[in-house]
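Here is a short tour of one protein, written for someone who is new to reading structures. Keep the picture open while you read.

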Amino acid sequence: MARVFEKEQIVEAAQRLDLVAAMEEAFVAYSEGRAVIPPVGHLAFDDPPGDTCIKYGYEKGADSFVVKIA
């Protein structure tokens, strides 16, 4: 089942984590071919003008994945 997290929940959870170590582990997984990271998605809008980028991926065998929309 999908879960949606509010910003406050994300900030609170992030404060309890060692994010530098997690990022280091993620880069190792990526360099070892254990991460699936498709190309960045990009949407451009004319009216009103603007754009958004979508980044997503997962580590093989993991029970979760990540999606970032900015």
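## Two hairpins

Let's start with a turn: strand 2 runs into strand 3 by way of a hairpin of 4 connecting residues. Strand 2 covers residues 41-45, and its antiparallel pairing with strand 3 is made of 5 bridges. To see one matching pair, look for leucine 43, which sits opposite threonine 52 of strand 3.

Now follow the chain further. Strand 3 also makes a hairpin with strand 4, this time with 6 residues in between. In that turn you'll find glycine 61, whose phi is positive, at about 85°. Strands 3 and 4 are antiparallel and share 4 bridges. One of the matched pairs here is glycine 57 with valine 66 in strand 4.

## One more partner for strand 3

Strand 1 is made of residues 35-36, and it pairs with strand 3 too, in the antiparallel sense and over 2 bridges. Here alanine 35 has glutamate 59 of strand 3 as its bridge partner.

## The whole chain

Time to step back. This is a predicted model, so keep that in mind as you look around. The protein has 2 helices and 4 strands, and reading from the N terminus the order is α-α-β-β-β-β.

How far does the C-alpha trace span along its principal axes? About 40 × 30 × 25 Å. The radius of gyration is 15 Å, whereas a compact globule of 70 residues would come out near 11 Å. Just 6% of the 70 residues count as buried. If you take the contacts between residues at least 6 apart in sequence, 13% of them link residues at least 24 apart. The protein exposes about 6,500 Å² in total, with carbon and sulfur atoms supplying 61% of that area.

## Where helix 2 meets strand 1

Tyrosine 30 belongs to helix 2, which takes in residues 19-31. Which residues does tyrosine 30 touch, once its neighbours within four places in sequence are set aside? They are Ala35 and Ile37. You've met that alanine already, as the bridge partner of glutamate 59.

Compare that with histidine 42. Tyrosine 30 and histidine 42 are 12 residues apart in sequence, and their C-alpha atoms are 22 Å apart in space.

## A nonpolar patch on the surface

Back to the strands. Tyr56, Tyr58, Phe65, Val67 and Ile69 come together as a nonpolar patch on the surface, and their combined accessible area is about 550 Å². Strand 3 (50-59) and strand 4 (66-69) each give the patch at least two residues. A handy rule for looking at patches like this: in a regular strand, side chains alternate between the two faces of the sheet.

Is isoleucine 69, a member of strand 4, buried or exposed? Isoleucine 69 counts as exposed because its relative accessible area is 60%, and the cut-off for exposed is over 50%.

## Cysteine 53 and its surroundings

Cysteine 53 is part of strand 3. Its relative accessible area is 27%, so cysteine 53 is classed as partly exposed; that class lies between the under 20% of buried and the over 50% of exposed.

What does cysteine 53 touch, leaving out residues up to four places away in sequence? The list is Val40, Gly41, His42, Lys68, Ile69 and Ala70. Isoleucine 10, on the other hand, is 43 residues away along the chain, and its C-alpha atom is 20 Å from that of cysteine 53.

Methods
Residues are numbered from 1 along each chain as its sequence is written. This is a predicted model: local features need pLDDT of at least 70, side-chain atom pairs count only at pLDDT 80 or more; totals for chains, interfaces and linings use all residues. Side-chain values use heavy atoms; hydrogens and water are left out. Patches are made of residues with over 30% relative accessible area and no salt bridge: like charges are joined within 9 Å, nonpolar side chains (Val, Leu, Ile, Met, Phe, Trp, Tyr) within 5 Å. Accessible areas come from the Shrake-Rupley method with a 1.4 Å probe; for residues, only the protein chains shown count as cover. A salt bridge is a side-chain nitrogen of Lys or Arg within 4 Å of a carboxyl oxygen of Asp or Glu. Buried means under 20% relative accessible area, exposed over 50%, partly exposed in between (1.4 Å probe, protein chains only). Contact means heavy atoms within 4.5 Å. The radius of gyration is taken over C-alpha atoms; the globule rule is 2.2 Å times the number of residues to the power 0.38. Two strands pair if DSSP finds at least two bridges between them.
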